[in-house]
Structure formats: C-alpha cells, structure tokens
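Got your viewer ready? Load the model and follow along, one selection at a time.

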Amino acid sequence: MAPWYAWTPWGGEFWVARLLLQRGLALTYLVAFLAAARQFRPLAGEDGLLPLSRYTGRYEFRQKPSLFYFLDSDRALAVGAWLGVGLATLALLGVPGRFGTPAYVLVWTAMWVLYLSFVNAGQTFYGYGWESMLCECGFLAIFLGAPDLVAPAVVVYLFRWVEFRNMFGAGLIKLRGDECWRDLTCLEYHYETQPMPNPLSWVAHRLPTSAHKLGVAVNHVVELAVPFLYFGPPRVAALAGLATVGFQGWLMLTGNFSFLNFLTIVVAGSLFADSVVTAGVDLFGLTGVVPSILPIPAATGLAPLSLPHQVALAALLVLVVALSYYPVVNMISSSQAMNRAFDPLNLVNTYGAFGSITRDRYEIVVQGTHDETITDDTEWETYTFPGKPTDSERLPRQWAPYHLRLDWQLWFAAMASSPRRSPWFVHLLAKLLAGDEATHSLLRENPFPDPDDPPTHVRALRYRYEFTDGGTLRETGRWWDRERVGTYYGPVSLDDPRFRSTLRRQGWDVPGTDGDRTRVDVDGLADEVLGD
C-alpha cells in the first residue's frame, strides 16, 4: 500500500508531473535571471532609472526582504544574476537531483532566494504578477524532491492550486472589469493595444468579428469553468490541462507577455498523472518511442520520502492553507485587486490580468538633437526600443518569454499625457542627455552612440498607433499608421535650469555643463513633474 504522501483521492502517481514542473521552472528561472543580468543594473542598480538606494531607503528588510538590501552594489547584482543563470542551467540539466535531496534543496532554495531578492528590490520594473508567481512556484519546487524519490502528491496539488488562482482570478477580474468582456468585443482591440504585439498580432487583429467574439467566449470557459476540473479525476484533470495549455499557447502565438504564458503552461504540467501519460502513449502508438525519452519508473522503484521530508510537506500544506485566506477573500470580493502579494516572501498570491482593455494604442517617441537652440527647423533623431513599434515599417518581433522591462513600462507610461505617474521617465531623458552607456544598452537604435557626444536636447512626443489594413501593408510596407496627439515631455537639456532643478531634488548624479556633478534625488521627481 502506498504511503499517505503518495496517495490521492483519485489515484495516480506524479513522476511525470514533477519532471515537467522541475524542468519548466528551471527554464523559466534561466530566462528570468538572464533578463536580470542584462537589464537590472541600468533599471534599478546603483545608478539605475530607479536606483537601488530608493529601495533600501524606503523599505525595511522585513517589508521587502532581499539580499541586495545589504549587498547594495552593481557588482553584487551582477554576481547574483549570473549565479542564478548558472544554478538554473544546472537545474534544467537535472544535475542537483543526481546528488540527492540535500543538493536538490540547496540549489532550488538558492534560486528562490536570489530571484525573490531581485523582485523585491526591482521596484516598478518588477511589479508584475508573473514575478510573484515565479516566486511562489519556485518555493513550492523546493519540496518536490529528487527524481529517485516518490513524487509528493501534496506539492503537485499545491501547484494546481496556484494554477487555479491564476486562471480563475483572471476570469473573475474580466467579468468584473471592462464591459467589453461581457459583450464579447474585447478582442477587437486587444491584439492591437496589448503592451507588446508580436509577428502574428496583426493577423489576429484582422480576424473577423465573429472569431473575436468566439475567442472571448472561449476565454471565459477556460478561465472560469475549466479551473474547477483541475481537481477532478486524472483524465478530467488532464483534459483541463490540455485546454489550459492550448489557450496559453494561443496567447503566446499572438502576443509578448513575458514568461506569464510559458509559466502557466509549466504549472499545467501538474495536471498530468503518470497513468494518463502512459495511456496517451499507448493510445497514439508511441509505446516504442516515448519510454526511451521519458522512462516513467514504477512507483515501487522509487524511494519513499524521509520523515523530515514528510514533516516539511505537512508544514508546507498548513502554511499554504493559512496564507490562502487573503487571496481567496480578494478573489471573491467585488473589489478584486489583480496581481497582488499578501506576504513579503510572495508565497501565496492573487493573480488576474487584463480586467480592462485599452481602446487606443499610444506610444512615446523619444528624440534628440545636437542643435544648441531649438527652432522649427531643428532636425530630430529618434531613439528606438527593441519591442516598441516606433518604426511603422518594422514587423513586431517575438520576445516572450524574455521580458523587456523598460519597453513594458513605456507602454504604461504612454497611457497618460505626461510622465506624472512615471517619474522614472524624466530620469531616462536625463540619462540620454548624459550619454549614459548602461541606459544605451536598453535601446535598439541609439542615434547618439558616442557617450562623449550626447544630444544637447531631448524631447518625447506622444502618438496614437493603429494597425494598417492589408492594402496599406502591401502598398507601403507599413504595419502601423500613426498620428501625433501631443508632446509628452520637453524639449529639455542639461542647461535648462528648470530641468536641472527637477533633477537636483532626486538624488542622482547628473553631469553638469560647468564640469561639476549635480546630486539629485529620485524620490521627489513626481512632485516636480506634477508642477510642470
């Protein structure tokens, strides 16, 4: 008879589910740590757009625990990010499990601590639901155990609980949010106005209205009804898993949502019991192929969990149940908040995205010039970003599951007519005027690549963008039509007393025109912007 920790009310073992979860989470960690290695320092490092000192000065360690609360240097950030890349690579290759449970726990705990440290110190640039979801899943993965052990069913079901909150929370917030979800019209806007379209977004946007309405209806079924099947018998849960994977796959094909969709697919791996996988292999005549790739061991061939492991699982279950109270209350509340963590370790969170859909797409176009005096004849050069549709003739690229964090924040910033709610944007302009090379690393095209010869003035214009129709695309090669709707900020220069006064209040070192270094403080930026 199987011990209690290998038993479920509906039978089935979870060796395959554990393997899918471990490898999938390791790959997600790898992508996330690579993004941190390439982007964190210019965004939130010592001299980032939102400097690390802003985090350490605003919070106590217990509020947002992070290794970088104490190791607050760019060198520590780089070491942490690349260490995470190395650990994730080892985990992806299954190396820790070969050395037993202690090595496995050590590696997965280190990844969780490292990534939680980046999330809590990353401020606005790490304020996304999938960050807390990766933290939660990474913590649960610590308890999955090495591959030669019985896969603990309780942890697999806790992953299903994560998937339920993720999907059902998203469904509820849509029904309570924008009326276009109720009248089935949201997809008429979504593909065009989403944060970062990809190569197929234009195609999806041009689908007929009936297809858009059907898509919203399917969305409601998959997010509101299917999640309850996650806890059903093995075959029912597997069918629910296939529906979830197919739905998330469509989202990946038609948009760039960082690693949200990929991570959701990974967590759906918890829905496939060994018995169902084996039956599927037999059904499709793959008996001679799959076992060589995925050798599912018999439950009797796996070592039982140790008593300390069993005690840890019991404690984990009690902890998750206790911490689930506020996420559940939030989920059933009429004032449901999306993507929120209720504890400083991001252990049990609430999820839900796109309760509202924007009808128009606005973009900020940043430009610079070497002209000493701005006139109507001034020629402006345009900065471009990797994932933003600044160039109307450039096909949107596929970036997910990689996360372009500055590009995403520019999408949010463009919703307003000024940087009133995005004070980091003014800091961005100052860095461009200073020829900051770290900031240049976040750009796709920099018209002023020489850090010793930066622009004298920069400005930001606001445009409305729309996908072109098929005829326009064929005739002109343009994927987008755009119309200028105003000036977002500027023009400004480092000689501008008002701009320098704005920056002086922020605590950031700006090269002065007289050879000095002007110290400014990021925290007061919003106040100054409001006064502009």
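Here is a short tour of a predicted model, with stops at a helix, a sheet and some cavities.

**Stop one: the helix.** Select residues 15-44, which make up helix α1. Look along α1 to arginine 38, where there's a kink of about 45°. Shortly after that comes proline 42. Now bring the rest of the structure back into view: 23 of the 30 residues of α1 are buried, so this helix is largely enclosed by what surrounds it.

**Stop two: the sheet.** Next, pick out the four strands of an open sheet, in the order β4-β3-β5-β6, with antiparallel pairing. β4 (381-382) and β6 (480-492) sit at the edges with a single partner strand each, so each has one side without a neighbour in the sheet. Then zoom in on β3 (residues 361-369) and β5 (residues 457-467), an antiparallel pair joined over nine bridges. Click on glutamate 363 and you'll find tyrosine 463 of β5 standing opposite.

**Stop three: the cavities.** How many cavities of 30 Å³ or more does the structure hold? There are three. For the largest, with about 80 Å³ of space, select Leu19, Gln22, Arg23, Ala91, Gly94, Pro96, Gly97, Tyr104, Trp108 and Pro147, which line it. Helix α1 turns up again here, giving three residues, the largest share of the lining. By class, that lining has six nonpolar, three polar and one charged residues.

Finish at the second largest cavity, which holds about 60 Å³ of space. Its lining includes Pro197, Lys388, Arg394, Arg397, Trp399 and Trp480. Sorted by class, this lining has six nonpolar, one polar and three charged residues.

Conventions. Residues are numbered from 1 along each chain as its sequence is written. This is a predicted model: local features need pLDDT of at least 70, side-chain atom pairs count only at pLDDT 80 or more; totals for chains, interfaces and linings use all residues. Side-chain values use heavy atoms; hydrogens and water are left out. The bend at a residue is the angle between axes fitted to the seven residues ending there and the seven starting there. Helices (H or I, at least four residues) and strands (E, at least two) are DSSP runs, numbered from the N terminus. Buried means under 20% relative accessible area, exposed over 50%, partly exposed in between (1.4 Å probe, protein chains only). Two strands pair if DSSP finds at least two bridges between them. On a 1 Å grid over the protein atoms alone, a cavity is a set of points where a 1.4 Å probe fits but cannot get out, and a pocket is an open set with protein on both sides within 12 Å along at least five of seven lines; lining residues have an atom within 4 Å of a point. Grid points are joined across faces, edges and corners, and a volume is the space filled by probe spheres set on the points. Ala, Val, Leu, Ile, Met, Phe, Trp, Tyr, Cys and Pro count as nonpolar, Asp, Glu, Lys and Arg as charged, and the others, Gly among them, as polar.
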